[in-house]
Amino acid sequence: MNGANDGRPGQPSSSHEDAEPLTDGESEGAGLPGDPRPPPIYVLEGNTLKTRLTRAVGVHYPFVGAGMAFVSLPPLVIAVSEAGGLGMLGTAPEPPLVLEARLKAIQAGTQRPYGVDFIVDRMHPQGFTSRDHVDACIAAKVPVVAFHWTLPPVEWIRALQAAGTRVWMQAGTVELARQALE
């Protein structure tokens with residue numbers, strides 16, 4: 001826990017005393033356009049963890065959100081990144097224009113590092129991730145791109161690295177991990 005959310009005195013806090021009570025079926029931060037943003041989570045410098053991951057990626061805590069398709073959407077990515085971890089956008093079989101819109105939403109909500117998690121399926125290369133998806137990440141200067149299922153084409157990795165993006169591979173087997181290292 002950190003900042004205003006950990007109960008320590010002297011930290012900025014939000015007061016809901018003036019807010020109207022929620023009615024049945026309502027929730028705070030419903031995520032609708034025009035809804036007020038929830039109060040920020042404050043990360044205290046002395047309350048951070050220094051690890052190889054936090055130093056390399058520039059986050060406060062060694063926490064990487066799971067890039068779950070249809071679940072890890074911009075609001076969750078923003079929340080994890082703002083809380084000091086690395087929020088990961090879970091891509092799905094969606095057109096590159098949808099990815100571009102999601103990246104813009106993330107960048108509008110946070111200046112902190114975040115990433116995109118892609119599924120690579122060599123049997124159906126146009127079904128999940130294409131070079132156009134990779135190019136959208138390059139154009140948006142996404143800090144981290146992760147791939148899983150199978151290795152992406154080497155050209156994608158080189159293009160992302162040339163743009164300054166960290167490329168990760170989620171490997172489910174030792175064999176795949178060895179291939180990724182090559």
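Leu-99, Leu-103, Ile-106 and Gly-109 are the buried residues of helix α3 in this predicted model. Looking down the axis of α3, you find these buried residues within an arc of 130 degrees, so they line one face of the helix. That fits a general point: an α-helix has 3.6 residues a turn, so residues three or four places apart point the same way. Turn to the face directed away from the buried side and you meet the exposed residues Leu-97, Lys-104 and Ala-108.

As for the helix itself, α3 covers residues 96-109, 14 residues in total. From first C-alpha to last it reaches 20 Å, close to the 20 Å expected at 1.5 Å a residue.

What do the buried residues of α3 pack against? Their partners are α2 (74-82), β1 (87-90), β2 (114-120) and α4 (131-140).

Two of the buried α3 residues, Leu-99 and Leu-103, also show up in the largest nonpolar core, which has 18 residues. Leu-99 and Leu-103 are among those with the most contacts inside this core, along with Val-116, Cys-137, Val-142 and Phe-147. At least two core residues come from each of α3, β2, α4, β3 (144-149) and α5 (154-162). Apart from this core lies another one, of six residues, including Val-57, Met-88, Val-144 and Ala-146.

Leu-103 is a handy place to zoom in. Setting aside neighbours within four places in sequence, Leu-103 is in contact with Leu-89, Tyr-114, Val-116, Ala-136, Cys-137, Ala-140 and Val-142. Take Ala-136 from that list: it sits in helix α4, and its C-alpha is 8.6 Å from that of Leu-103, though the two are 33 residues apart along the chain. With the same neighbours left out, Ala-136 is in contact with Leu-99, Glu-100 and Leu-103.

Now for Glu-94, which is in the loop between β1 and α3. Is Glu-94 buried or exposed? Its relative accessibility is 18%, and the cut-off for buried is under 20%, so Glu-94 counts as buried. The side chain of Glu-94 makes a polar contact of 2.8 Å with the side chain of Arg-102. Not counting residues up to four places away in sequence, Glu-94 touches Phe-70, Arg-102 and His-133.

Here are the two residues side by side:

| Residue | Relative accessibility | Status |
|---|---|---|
| Ala-136 | 6% | buried |
| Glu-94 | 18% | buried |

Methods
Residues numbered from 1 in each chain as written. Predicted model: local features only at pLDDT ≥ 70, side-chain atom pairs only at ≥ 80, totals over all residues. Heavy atoms only, no water. Helix = DSSP H or I, 4+ residues; strand = E, 2+ residues; numbered from the N terminus. Expected span 1.5 Å × (residues − 1). Buried < 20%, exposed > 50% of the residue type's maximum accessible area, 1.4 Å probe, protein only. Arc of directions from axis to C-beta. Contact = heavy atoms within 4.5 Å. Core = buried A, V, L, I, M, F, W, Y, C linked by side-chain atoms within 4.5 Å. Polar contact = N/O pair within 3.5 Å; in protein donor to acceptor, adjacent residues only side chain to side chain.
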